[in-house]
Amino acid sequence: MGEMVNIHKIYPDGTVALRGVNLDIYEGEMLGLLGENGAGKTTLMKILSGLLKPTRGVIRIKGKEVKFRSPKDALSYGIGMVHQHFTLVPQFTVLENIVLGSEPKVNKLMIDWSRAEEEVKELMKLTGFKVDLNAKVASLPVGMKQMAEILKVLYRNIRLLILDEPTSALTPIEVKSFFNVLRKLREGGVTIVFITHKIKEALEITDRIVVLRKGLVEGVISTTEATPQLLARMMVKVETKPIIKPEVSPSREVLVVEDLWVRGDDGRYVVKGASFCVREGEIYGILGVEGNGQKELVEAIIGLRRYDRGRVLVRSNSRLLAYVPPDRTTEGLVLEMPVCENSILGIHKMFTFGKLAINTRKVVVHANELVSKYSIATPNIRTPAKYLSGGNQQRLVIARELSKGSDLLIVVNPTRGLDIASTNYVRKLLVDLRSNGKAILLVTADVDEALEISDRLGVIYNGRITGEDLAMNFTEERLGLLMGGALRE
Amino acid sequence: MNKMNLSPVIALLDSALRLGTPIALTAIGELIAEKSGVVNIGIEGIMVIGAFASVVATYATGDPIIGVLVGVAIGALLGFLHGTLSTYLYADQIIVGMGIIFFGYGITAVGNAIIWGQPGFSVGVSTISHLVVRVGEASVSISPIFFLTIVLAILTYFVLKYTWVGLRLRSVGEDPEVADVLGINVFRLRLYATVVGGALTGLAGAYLGVDWGGRFVSYMSAGRGFIALAAIIVGGWEPLITLLASYLFGFFDALQLTLAQLYGKQVPPQLFQMIPYIATVVVFALFFRKARPPAAIARPYRRE
Amino acid sequence: MIREYLRDAATSLIAILIGFLVGAIILQVAGYDPLYIYGSLINSAFGNYYVTLNTLTAMMPIMFTGAAATLMFKSALFFIGMEGQLYIGSITAFLVGHLLQLPAGLHAIIAFLAGGLGGLLWGLVPGYLRARFGVNETVTAIMLNWIAIHFTDYITQYAFADPKATIARTYKILPTAVIPKISPEVPLSWGFVVAVIATILTGYLLYNTVIGYEIRVVGLNPHVARVAKISIESTYLRVFLISGFLAGLAGATMVLGVFNSIVYRFSPGYGWDGITAALIARNNPYMIIPASLFLAVLRSGSIGMMVGAGVSNEMILVIQGVILISAAVPEAYILLARYVKARR
């Protein structure tokens with residue numbers, strides 16, 4: 001039904017995302033678009049859905065060449081995309097979000113809310129979704145938002161539905177029922193493109209798989225002929241080595257969290273009696289689907305959020321906490337400031353003459369030290385941090401935090417959005433630090449990461465640590481059950 | 001206007017309505033723009049230009065209705081300027097607003113000097129005719145623009161809440177990225193909202209010029225544009241509460257005039273003149289609810 | 001980095017150019033000869049020794065208010081209450097200069113500092129409301145400006161009005177409180193030198209001290225500041241205090257160094273000029289000095305323009321307004337440059 005020919009995409013900042021991709025989409029199929037981070041899957045589909053314009057290349061729908069200037073153009077051809085980051089207005093109700101832009105009207109001006117509600121209820125019956133249509137989106141859990149998102153696209157009479165990593169916010173059990181919905185939609189004649197980096201999902205749900213790698217099509221394969229090993233080889237060319245950790249026998253408890261209760265921004269408890277400890281010489285991983293209280297838990301530990309009950313004990317040599325926040329660009333760095341000024345953020349009071357004036361020479365020495373010790377690629381230390389690559393920005397944050405000299409390091413999603421080389425660097429660095437006796441609390445949503453480098457692992461679900469064990473003792477199934485809340489140990 | 005036989009209380013309320021109207025019109029207009037994500041602090045300047053333009057047009061034609069229409073048109077034009085710069089050219093909305101204020105204060109004084117020989121104030125012009133309402137034994141004259149203000153506030157409330165235009169307008173102020181994905185033209189909608197905001201502010205200016213005063217006085221907006229901004233915030237971006245807040249601020253202004261009339265001999269007038277501003281600050285600080293402004297307010301939207 | 005500085009400078013220069021261009025068009029339409037008018041503007045700003053001194057005198061308060069505005073904008077606050085702070089500063093300086101008996105020199109210094117303190121106190125209310133409750137500072141600034149102006153009117157026309165004076169003004173301050181001139185040959189108040197130093201110190205504060213570092217972090221990214229345990233509230237409060245102090249000095253320097261009394265509505269808008277100066281200096285405190293010279297030229301030139309050529313001195317507000325509007329759209333010029341390049 002659709003065809004993309006020789007699609008190139010170069011972003012304004014010079015990043016080459018697509019280097020000549022050809023893609024056929026057949027009527028009524030479920031097509032898997034598989035690839036690593038940065039392979040170009042999302043860019044390709046943003047082009048097909050009219051959100052981005054290709055630098056070069058042609059799109060044909062049913063044999064006819066089309067030029068989409070906006071997502072609206074694509075919608076008029078029945079093409080709609082569900083983005084990985086929700087495209088919902090948080091302050092609107094679910095129903096308002098669903099009809100926005102395609103409102104049914106009573107007359108020229110008034111919205112026909114009762115018709116809208118009927119139509120959406122029809123769609124909910126069809127898909128089996130149950131969402132409170134009058135609830136504000138901001139107050140909904142992630143799974144519900146996902147459903148609202150899909151309802152919104154379906155409401156527009158979509159013939160080609162593009163889903164970008166739709167399961168990343170869902171628990172394993174929710175994924176099961178979600179897949180059933182997709183199958184039902186396909187039976188109803190909807191063509192689906194399913195973007196994922198999870199091999200198992202691609203194998204489970206799709207009819208055909210296109211693997212992208214570094215902006216090119218690496219291969220096209222019918223799902224019945226595909227095996228995990230084959231797909232993995234197509235996806236990743238660098239052999240990833242498991243990280244070998246030297247034996248350390250953890251001893252002293254550096255961070256102790258006991259029965260901690262923390263409220264979220266809306267005043268309700270989101271951490272409900274979490275308890276764990278992190279010892280020196282170990283990486284303690286906290287693994288969970290995002291939105292299960294991790295953010296508030298970490299904020300309570302580092303002192304950015306009050307807690308009502310329980311206690312947090314830090315037995316560190318330093319008053320400063322080394323903390324690598326989940327989002328380096330909004331919480332870790334001041335992007336407009338140069339590398340040297342970013343290198344003293346939070347410890348800037350230590351670089352002074354007489355407490356008031358900043359000792360520039362000392363700052364320069366410090367920044368140069370960090371840059372060379374952690375091989376941060378930057379033209380010079382006066383370069384604003386925004387010109388550094390994501391990997392180097394993250395190195396800068398980690399380097400600065402480590403320079404605080406604390407025994408305890410708290411890292412949250414340390415490799416999100418990084419390329420493979422930077423990811424490996426960061427993970428190896430964390431393991432080395434642990435082997436040298438640091439206590440590391442790793443909070444992550446990435447199962448591979450948690451299993452790869454943690455010594456012990458706690459799974460967080462709904463504000464509680466629901467299972468804790470040595471990382472090597474977890475099976476995939478046990479993790480899935482714990483993360484999905486189907487099991488509480 | 002026959003105020004001789006009004007009781008002081010009715011006189012006070014009467015002038016509260018008259019002084020609140022320009023604030024209310026400006027606040028409703030600016031609220032529409034802010035709902036779409038554009039902040040135009042230039043309303044202070046648009047108001048003074050609207051006043052001047054309406055007086056000049058009335059002076060030239062002798063018809064205050066034409067004066068009002070010209071004031072509205074000039075306001076819309078300035079809204080168009082601000083809207084274009086802050087949407088299509090990603091301007092810093094606050095700085096553009098400051099520029100419009102300076103420009104407005106300046107051009108009106110310069111223009112006044114060119115036409116009437118000195119920058120301070122114009123000659124008197126005819127004002128639009130009022131409706132006369134009998135209150136007991138006395139009679140109160142009420143401007144048709146007052147009724148228009150109430151209608152516009154209710155209409156704004158209705159459009160924002162019940163129509164697709166309102167839904168889309170709110171969406172571009174809350175989350176322009178989402179609106180764009182759904183095929184809503186963020187730039188155009190914001191531009192329209194700012195033009196409407198400018199037009200209502202121009203009407204407020206015309207009210208000052210050819211209804212309330214009947215002449216132009218330099219700097220005659222006297223911070224009312226900012227009082228309107230305060231009214232929006234106190235009103236929590238709700239049109240009807242904003243309307244009430246505007247008239248409350250108008251009441252303080254009226255109080256000042258009434259007190260000055262009554263006690264002007266005993267107390268220096270400068271102290272009375274401070275009252276509306278002090279009261280505005282106090283109300284603003286007390287009722288500054290942590291009302292949530294539109295999420296994308298003052299943030300230019302960029303594609304890609 | 002250097003490219004960014006150049007781009008900022010180019011944007012400001014283009015904006016100034018557009019400001020004068022639009023001003024010229026308006027003058028032409030109104031039936032004046034713009035070149036003659038601008039000529040008389042320059043002439044009355046630099047034409048002779050006396051008017052040049054006037055220009056430098058006008059520059060003095062603008063440097064203070066410009067530095068005050070820069071601090072605000074660097075912390076991403078849009079407090080525009082310098083005009084009010086300037087008036088309150090003039091009152092406190094006047095009161096100390098008029099009522100207290102102190103030895104010469106010391107009296108001037110105390111009165112000068114009192115002026116700063118007045119501005120600081122006037123910034124305390126909006127500063128506290130903003131820091132503690134998040135109350136919008138732009139709105140409170142305007143209200144406080146009007147309160148300050150009316151209160152100063154009360155002082156000049158009523159409470160301390162000098163009945164013997166030919167213009168509306170207060171009594172004179174005591175001779176001991178007068179800020180002396182640099183020399184009999186250069187009758188420019190020492191306040192000018194202090195203003196230059198204060199501007200440079202503001203730059204030093206922003207770029208070389210812990211307080212300045214924290215101000216910039218809070219201004220650029222309050223989330224990071226929170227994680228780095230930099231208190232946003234106390235940073236805001238500090239900015240309000242320091243900025244208010246500077247704006248108050250602007251008033252004090254006019255009272256103690258120029259008028260020796262408070263003249264009715266003596267400020268033609270020095271507080272606003274400071275805001276314009278900060279914006280065309282692109283919040284670079286060191287660039288405040290040339291920017292305030294530019295605005296001082298407009299100010300003192302506007303008087304000659306009015307007297308000599310018969311154009312209302314508010315014409316410079318028109319030019320300033322257009323400059324601000326043009327300076328707010330740096331991207332327009334980049335797009336234009338790209339377009340021109342593409343056409344070639």
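## Close-up views of chain C and its two partners

**View 1. A single salt bridge links chain C and chain B.** In this predicted model, 1 salt bridge is found across the interface of chain C and chain B. Its partners are Glu331(C) and Arg302(B), whose closest N and O atoms lie 2.3 Å apart. Look for polar contacts here as well: 5 residue pairs, both members at pLDDT 80 or more, make one across this interface.

**View 2. Five helices of chain C face chain B.** Which elements of chain C give two or more residues to the side that touches chain B? They are helix H5 (106-133), helix H6 (137-159), helix H11 (270-280), helix H13 (315-327) and helix H14 (330-343). H6(C) provides the largest share, with 13 residues. Sorted by class, this side of chain C has 29 nonpolar, 10 polar and 3 charged residues.

**View 3. Chain C and chain B bury area between them.** Here 42 residues of chain C meet 45 residues of chain B. The size of an interface is often given as the accessible area lost when the parts come together. For chain C and chain B the buried area is about 3800 Å², and carbon and sulfur atoms account for 84% of it. Within chain C, the residues that lose the most area to chain B are Met143(C), Trp146(C) and Ile325(C), which together make up 16% of what that side buries.

**View 4. Chain C also touches chain A.** Now turn to the other partner. How many residues does each chain bring to this contact? Chain C brings 20 residues and chain A brings 29 residues. The two chains bury about 2100 Å² between them, with 64% coming from carbon and sulfur atoms. In chain C, Val210(C), Tyr213(C) and Val227(C) lose the most area to chain A, and together they give 29% of what that side buries.

**View 5. Salt bridges and polar contacts join chain C and chain A.** Between these chains there are 3 salt bridges. One of them pairs the side chains of Glu299(A) and Arg226(C), at 3.5 Å from N to O. Polar contacts across this interface number 9 residue pairs, with both residues at pLDDT 80 or more.

**View 6. Three helices of chain C face chain A.** Helix H7 (191-208), helix H8 (210-220) and helix H9 (222-227) of chain C each supply at least two residues to the side that touches chain A. The largest share, 7 residues, belongs to H8(C). By class, you will find 11 nonpolar, 4 polar and 5 charged residues on this side of chain C.

Terms used
Residues are numbered from 1 along each chain as its sequence is written. Chains are lettered from A and ligands numbered from 1 in the order in which they are written. This is a predicted model: local features need pLDDT of at least 70, side-chain atom pairs count only at pLDDT 80 or more; totals for chains, interfaces and linings use all residues. Side-chain values use heavy atoms; hydrogens and water are left out. Contact means heavy atoms within 4.5 Å. Buried area is the accessible area (1.4 Å probe) that two parts lose on being put together, summed over both. A salt bridge is a side-chain nitrogen of Lys or Arg within 4 Å of a carboxyl oxygen of Asp or Glu. A polar contact is a pair of N or O atoms within 3.5 Å; within protein, one must be able to donate a hydrogen and the other to accept it, and residues adjacent in sequence count only if both atoms are side-chain atoms. Helices (H or I, at least four residues) and strands (E, at least two) are DSSP runs, numbered from the N terminus. Ala, Val, Leu, Ile, Met, Phe, Trp, Tyr, Cys and Pro count as nonpolar, Asp, Glu, Lys and Arg as charged, and the others, Gly among them, as polar.
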